Amino acid sequence: MEKSAFIEAGRIVNTHGVAGEVKIEVWLDSPQFLRRCGRLFVEGKEHRILSGKVQKSFLIAKLEGVEDVNAAMTLKGRTVQIAREDAPLPRGAYFIQDILGASVVDETGNEIGRLTDVLERPASNIYVVQGETEHLIPAVPEFILSTDAEKGVITVHLIEGM
């Protein structure tokens, strides 16, 4: 599967204060991960992260070129992306967008369908697999046996009722 050079990382949900800071809802594992990237992109325009503080699952960030609340307000509601090169992952880790569309197979190699969505839930993510029927598969080791983001294949163990 071909990987995009950019990863959707969150959405600017509001301004923060009058100095041009923005409040970003982070879609990555943590706001700290986004802050460590050092820069982000909004509609293709690069913004260096000059400072950032974590507030629950949000990042309050001061962005280069966003000098006041009026400039920050123009970014509200916009999707934030990061460059893949700024976000190295540990071996075996992957971004969710890299496995969407992956072929999902059972232990014997029979195709079940394609991964169409990942539902984020408190206990674990749930993979939505669309084939002849729709399957909702908890993303836990008991059911997800292996994930090869490079080849675009996820091997699962299904039980009756899935």
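These legends accompany a set of close-up views of a predicted model.

The model is predicted, so local features need pLDDT of at least 70 and side-chain atom pairs count only at pLDDT 80 or more, while totals for chains, interfaces and linings use all residues. Residues are numbered from 1 along each chain as its sequence is written, and side-chain values use heavy atoms, with hydrogens and water left out.

**View 1. Six strands close into a barrel.**
Going round the barrel, the strand order is 1-2-5-4-3-6, with antiparallel pairing. Strands here are DSSP runs of E with at least two residues, helices are runs of H or I with at least four residues, and both are numbered from the N terminus. Two strands count as paired if DSSP finds at least two bridges between them. Direction ignored, neighbouring strands of this sheet are turned by 45° against each other on average; the axes are lines fitted to C-alpha atoms, for helices over the stretch in contact, and angles run from 0 to 180 degrees between N-to-C directions.

**View 2. Two hairpins involve strand 4.**
Let's start with strand 3 and strand 4, which run antiparallel and are joined by four bridges. Along this pair, arginine 39 stands opposite arginine 48 in strand 4. Two residues separate the strands of this hairpin, and glutamate 43 in the turn has a positive phi of about 50°. On to the next hairpin: strand 4 pairs with strand 5 over six bridges, also in the antiparallel sense. Serine 51 has lysine 62 in strand 5 as its bridge partner, and isoleucine 49 has leucine 63 in strand 5. This hairpin has two residues between its strands, and lysine 56 in the turn shows a positive phi of about 55°.

**View 3. The largest nonpolar core has 23 residues.**
A nonpolar core is a set of buried Ala, Val, Leu, Ile, Met, Phe, Trp, Tyr and Cys residues joined through side-chain atoms within 4.5 Å. Val22, Ile24, Leu28, Leu34, Leu63 and Ile82 have the most contacts inside this one. Two or more residues each come from strand 1 (6–16), strand 2 (21–26), helix 1 (31–37), strand 3 (39–42), strand 5 (58–63) and strand 6 (79–83). Another core, of 15 residues, lies apart from it and includes Val104, Ala149, Ile154 and Val156.

**View 4. A look around isoleucine 24.**
Leaving aside neighbours within four places in sequence, isoleucine 24 is in contact with Arg11, Ile12, Leu34, Leu40, Ser57, Phe58, Leu59, Ala61 and Val80. Contact means heavy atoms within 4.5 Å.

**View 5. Glutamate 43 forms a salt bridge with arginine 78.**
The closest N and O atoms of this pair are 2.7 Å apart; a salt bridge is a side-chain nitrogen of Lys or Arg within 4 Å of a carboxyl oxygen of Asp or Glu. The pair links distant parts of the chain, 35 residues apart: glutamate 43 sits in the loop between strand 3 and strand 4 (45–55), and arginine 78 in the loop between helix 2 (69–73) and strand 6. Glutamate 43 is exposed, at 64% relative accessible area, whereas arginine 78 is partly exposed, at 29%. Buried means under 20% relative accessible area, exposed over 50%, and partly exposed in between (1.4 Å probe, protein chains only).

**View 6. Arginine 84 forms a salt bridge with aspartate 98.**
Here the closest N and O atoms are 2.8 Å apart. Both residues lie in the loop between strand 6 and strand 7 (103–106), so the pair ties together parts that are 14 residues apart in sequence. Aspartate 98 is buried, with a relative accessible area of 7%.
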